[in-house]
Amino acid sequence: MTAPHQEPMALSVTGLTKRYASGFTLDDVTLDLPMGYIMGLIGPNGAGKSTLIKLILNMVRRDAGTIEVLGLDNIAREEDVKRNIGVVFDSSYFVETWTVGKVGRVMRGFYERWDDAGFAAHLRRFGLEETKKIKELSRGMQMKLMLAVALSHDARLLILDEPTSGLDVIARDELMDLLAVYIEPGDRSVLFSTHITADLERSADFLTYITGGRVYYTGPREEFEESFRLLKGGPEELTGALAGAAVGLRRYETGFDALVRTEDLARILGMPDGVADAVSSLAVEPASIDDVILLTNADDTAPDAGKED
Amino acid sequence: MRLIISSVSGEPIYEQIKTQIRDAVLSGELKAGEALPSLRKLAKELRVSVLTVTRAYNELADEGVVRNVQGKGCFVMDRGNEAMRRTLAGQAEQSLDEACAAARAAGMTPKELHGLLDEVWARRSS
């Protein structure tokens with residue numbers, strides 16, 4: 001079902017590992033983002049999302065693995081790579097006392113393909129006044145200023161670290177519209193991390209779910225949603241086989257929620273493929289992205305159940 | 001063409017897109033040779049992901065409803081083509097299956113059902 005891709009990947013990460021003295025390890029991360037698509041990066045706090053983004057931007061040193069942006073190694077070809085990446089962080093990276101106009105004048109010097117008219121148009125569109133100081137801007141406005149910069153130097157890959165946190169529903173919707181317009185030509189791509197899964201459901205083509213420093217899933221978003229089912233039943237309906245096969249489990253006094261892989265459903269319920277959904281006395285429901293994150297991180301879950309090595 | 005997405009129907013979005021485009025082709029609203037909306041533009045406007053629309057278009061091409069022309073877009077096929085005929089015949093069989101089940105439940109005889117079919121067929125052809 002995937003469209004053919006002859007071009008290099010927008011982003012290709014292979015066997016990426018980073019060990020911190022604190023004990024946290026981003027472990028053997030591999031993912032591919034084809035050109036022209038949007039990938040959402042999800043996972044609980046501390047899972048390694050920001051570490052991955054910092055490694056792509058070569059802000060921290062990797063211990064192993066390779067990262068290629070548009071087919072170029074992110075360290076050997078750092079200058080070319082950075083020219084082609086637009087970045088939005090979760091907090092402003094501009095000097096607080098600069099004005100919005102000064103940000104434009106400084107950035108023009110960094111990028112050879114800087115577009116003054118485009119930057120001015122984005123400022124107008126976002127309602128950003130050139131005379132305002134960075135410290136006078138709200139969080140949402142600071143995000144928009146970073147976005148205006150990211151969109152004004154002809155970047156081919158946008159990387160956004162939690163761009164929508166702290167934004168109201170209108171600003172989030174505007175941002176998602178902008179991303180859809182951005183990738184429309186087909187040769188630009190977006191990687192964004194988020195906690196707001198509604199944003200993904202609208203626009204993400206691909207999804208990478210990281211938990212505990214490891215990739216739990218990476219691939220098309222629809223496949224992710226189709227690969228899990230939520231089973232609900234009363235306490236006495238929770239068999240050992242079910243608990244053992246569940247990749248996530250939450251028990252409560254009057255029942256349980258078990259997250260299972262769709263491919264395991266028939267076996268778990270002891271029924272032939274195809275009819276399992278319909279005839280079980282358990283409630284079988286589609287699992288949302290939030291369900292998967294919550295249940296795979298639930299305390300009740302047996303360690304490493306269902307995880308691929 | 002009217003193409004809207006329901007977020008509460010429970011039907012996957014690519015299915016909703018497929019069904020509405022297929023219906024528009026079958027009803028003749030979309031004519032043979034007509035181009036479907038550009039994939040990326042449609043994704044942007046419907047506020048769904050590009051891969052979702054890609055999947056709908058690819059499956060419509062598999063059914064013979066449309067044809068993908070690399071670099072040009074997606075075009076409506078003639079309703080007379082073989083793949084499309086197979087799809088339509090499959091739909092007819094499924095509808096008849098449901099009709100038979102309902103007829104049995106109502107206690108109708110095969111003869112009565114045949115008579116009803118002739119009646120409906122005549123009404124459609126007039």
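Helix H5 (139-150) and helix H6 of chain A each give at least two residues to the lining of the second largest cavity. H6(A) supplies the largest share of that lining, with four residues. The model described here is predicted.

**Cavities**

The structure contains two cavities of 30 Å³ or more. The table sets out volume and lining classes for both.

| Cavity | Volume | Nonpolar lining residues | Polar lining residues | Charged lining residues |
|---|---|---|---|---|
| Largest | about 90 Å³ | seven | two | five |
| Second largest | about 40 Å³ | six | no | two |

The residues around the second largest cavity are A:Phe126, A:Met143, A:Lys144, A:Leu147, A:Ala171, A:Glu174, A:Leu175 and A:Leu178. By class, this lining has two charged residues and no polar ones.

The largest cavity has 14 lining residues. Those nearest its centre are A:Ala180, A:Ile183, B:Ala43, B:Lys44 and B:Val48. Helix H6 (169-183) and helix H7 (197-203) of chain A, together with H2 of chain B, are the elements that give two or more residues to the lining of the largest cavity. H6 of chain A also supplies at least two residues to the lining of the second largest cavity.

**Interface of chain B and chain A**

The contact involves 22 residues of chain A and 13 residues of chain B. About 1,500 Å² is buried between the two chains, and carbon and sulfur atoms give 49% of that area. On the side of chain B, the residues that lose the most area to chain A are B:Arg40, B:Arg47 and B:Leu51, which together account for 45% of what that side buries.

Five salt bridges are counted between chain B and chain A. One salt bridge joins A:Asp173 to B:Arg47, with the closest N and O atoms 2.7 Å apart. B:Arg47 is also among the three residues of chain B that lose the most area to chain A. Across the interface, 12 residue pairs are in polar contact, with both residues at pLDDT 80 or more.

Helix H2 (39-46) and helix H3 (50-63) are the elements of chain B that give two or more residues to the side touching chain A. H3(B) gives the most to this side, with six residues. By class, the side of chain B that touches chain A has five charged, four polar and four nonpolar residues.

H2 of chain B therefore appears in two settings under the rule that helices are DSSP runs: the side of chain B that touches chain A and the lining of the largest cavity.

Terms used: Residues numbered from 1 in each chain as written. Chains lettered and ligands numbered in written order. Predicted model: local features only at pLDDT ≥ 70, side-chain atom pairs only at ≥ 80, totals over all residues. Heavy atoms only, no water. Contact = heavy atoms within 4.5 Å. Buried area = accessible area lost by both parts, 1.4 Å probe. Salt bridge = Lys/Arg side-chain N within 4 Å of Asp/Glu carboxyl O. Polar contact = N/O pair within 3.5 Å; in protein donor to acceptor, adjacent residues only side chain to side chain. Nonpolar A, V, L, I, M, F, W, Y, C, P; charged D, E, K, R; others polar. 1 Å grid on protein atoms, 1.4 Å probe; cavity = no way out; pocket = protein on both sides within 12 Å on 5 of 7 lines; lining within 4 Å. Points joined across faces, edges and corners; volume = space filled by probe spheres on them.
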